[in-house]
Structures are given as C-alpha cells and as structure tokens.
Amino acid sequence: MTPHEAEKVLADAEVVPCVEMQLADARQLVEACLAQGVPALVHREACSKPSCSPKFQVLVRPEDAPRVAGLLQQRWMDSLQREGLLPEGRAPQAIPEDGELPCPACGTAGPLVQGACGDCGLQLE
C-alpha cells in the first residue's frame with residue numbers, strides 16, 4: 001500500500017491514535033504498516049505548553065490497532081534477538097488473546113498490584 005492509497009482509505013474513515021513517538025520512529029512504523037497493507041498516517045499532536053516537545057501520532061482505523069500492536073511486538077522481538085538479549089534457547093513469550101500481558105522483566109502474566117508486577121515489582125503504570 002502506498003502513502004497516497006492510505007490517505008484515500010483513511011480520508012472518510014474513523015481514525016484513532018495507536019501510538020505516540022518521535023517523528024522518525026512514527027514514519028518507520030507507518031512504512032511497516034503500509035508494507036503489511038494497514039493504512040496508517042503520521043499526525044502531529046498539538047501541545048499548548050511552551051516547553052512541550054513535538055509529539056507525533058500514528059493514526060489507524062480502530063479495527064487495525066491490534067495488527068499495529070502485533071507489528072510493534074514483532075519489531076521489539078526482532079531488536080531483542082538482534083542485540084542478543086534473549087536468553088539462549090528461550091523463545092519469546094506470545095501475548096495472550098485474553099488475559100494479562102506478561103511482565104517485560106520477569107514474564108509473569110498476572111494482574112498488577114498498585115501498578116506494578118505482582119512478582120518482581122517492576123512499576124508498569
């Protein structure tokens with residue numbers, strides 16, 4: 001899908017911001033989305049604070065948000081493998097369809113306790 005095709009698809013569609021990041025990262029994510037056939041656009045978020053740095057959002061249709069989440073997870077896992085940060089012989093954990101997401105530090109999938117992992121205590125909220 002080309003950027004022009006994505007603009008046409010999203011022109012009359014409801015769009016939601018699925019992630020907010022620096023411009024270069026937002027552009028790379030949009031390119032990855034377009035390569036997978038997911039229409040996406042970069043949008044500059046206005047901020048009224050004088051010391052606020054520019055923020056850019058990736059806009060997609062609500063039904064495409066899970067596919068973008070999958071792309072982000074795959075990019076993260078690729079970077080872990082590229083940097084050699086996955087333990088030897090251990091496969092990355094899959095995100096469950098229903099239920100709690102695993103803790104990025106220890107892998108425990110359970111409810112947060114006061115915004116932190118119930119096992120290792122990593123603050124997540």
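**Figure 1. Glu63 and Arg61 form a salt bridge, with 3.6 Å between the closest N and O atoms.** This first view, like those that follow, is taken from a predicted model. Side chains of opposite charge can pair when their charged atoms come close. Arg61 also meets the side chain of Asp64 in a salt bridge, at 2.8 Å from N to O. Arg61, Glu63 and Asp64 are thus linked in a network of salt bridges. In the protein, the count of salt bridges comes to two. How exposed or buried are the partners? Glu63 is exposed, with a relative accessible area of 54%. Arg61 is partly exposed, at 22%. Asp64 is buried, with a relative accessible area of 5%.

**Figure 2. Asp64 sits in the loop between β3 and α3.** Here we stay with the acidic residue and look at its surroundings. Strand β3 covers residues 55–60, and helix α3 covers residues 65–83. Which residues does Asp64 touch, leaving aside its neighbours within four places in sequence? Asp64 is in contact with Val38 and Pro39. Asp64 has a relative accessible area of 5%, and because buried means under 20%, Asp64 counts as buried.

**Figure 3. Strand β3 pairs with β1 and with β2.** Let us step along from the loop to the strand before it. Strand β1, residues 16–21, pairs with β3 in the antiparallel sense over five bridges. In this pairing, Glu20 stands opposite Gln57 of β3. Strand β2, residues 41–45, and β3 also pair in the antiparallel sense, over five bridges. There, the residue opposite Phe56 of β3 is Arg44. Why is β3 described as largely enclosed by the rest of the structure? Five of its six residues are buried, so the description fits.

**Figure 4. The protein has three helices and three strands.** This view places the close-ups in context. Read along the sequence, the elements follow the pattern α-β-α-β-β-α. The protein has 125 residues, and buried residues make up 22% of them. Among contacts with a separation of 6 or more, 46% are between residues 24 or more positions apart. The protein exposes about 8700 Å², and carbon and sulfur atoms supply 51% of that area.

**Figure 5. His4 lies in helix α1, residues 3–11.** Now for a look at the helix that opens the pattern α-β-α-β-β-α. Is His4 buried or exposed? His4 is exposed, with a relative accessible area of 53%. His4 and Leu41 are 37 residues apart along the chain. The C-alpha atoms of His4 and Leu41 are separated by 10.0 Å.

**Figure 6. The sulfur atoms of Cys117 and Cys106 are 3.7 Å apart.** This pair is worth a second look if you are checking bonds. A disulfide is a covalent bond between the sulfur atoms of two cysteines. Why do Cys117 and Cys106 not form one? Cys106 holds the cysteine sulfur closest to that of Cys117, yet at 3.7 Å the two are too far apart for a bond, because a disulfide needs sulfur atoms within 2.5 Å. The structure as a whole holds zero disulfides. Cys117 is buried, at 8% relative accessibility. Cys120, by contrast, is partly exposed, with a relative accessible area of 39%.

**Figure 7. Leu112, Leu122 and Leu124 make a nonpolar surface patch.** The patch has an area of about 210 Å². Where in the chain is Leu124 found? Leu124 belongs to the segment after α3. Leu124 counts as partly exposed, at 38% relative accessibility.

**Figure 8. Gln114 has a positive phi, near 50°.** The last close-up turns to the backbone. The phi of Gln114 is a positive value in a residue other than glycine. Gln114, too, lies in the segment after α3. How exposed is Gln114? Its relative accessible area is 77%, so Gln114 counts as exposed.

Notes. Residues numbered from 1 in each chain as written. Predicted model: local features only at pLDDT ≥ 70, side-chain atom pairs only at ≥ 80, totals over all residues. Heavy atoms only, no water. Patch = residues over 30% accessible without salt bridge, like charges linked within 9 Å, V, L, I, M, F, W, Y side chains within 5 Å. Areas by Shrake-Rupley, 256 points an atom, 1.4 Å probe, with all protein chains shown as cover. Salt bridge = Lys/Arg side-chain N within 4 Å of Asp/Glu carboxyl O. Helix = DSSP H or I, 4+ residues; strand = E, 2+ residues; numbered from the N terminus. Buried < 20%, exposed > 50% of the residue type's maximum accessible area, 1.4 Å probe, protein only. Contact = heavy atoms within 4.5 Å. Pairing = 2+ DSSP bridges.
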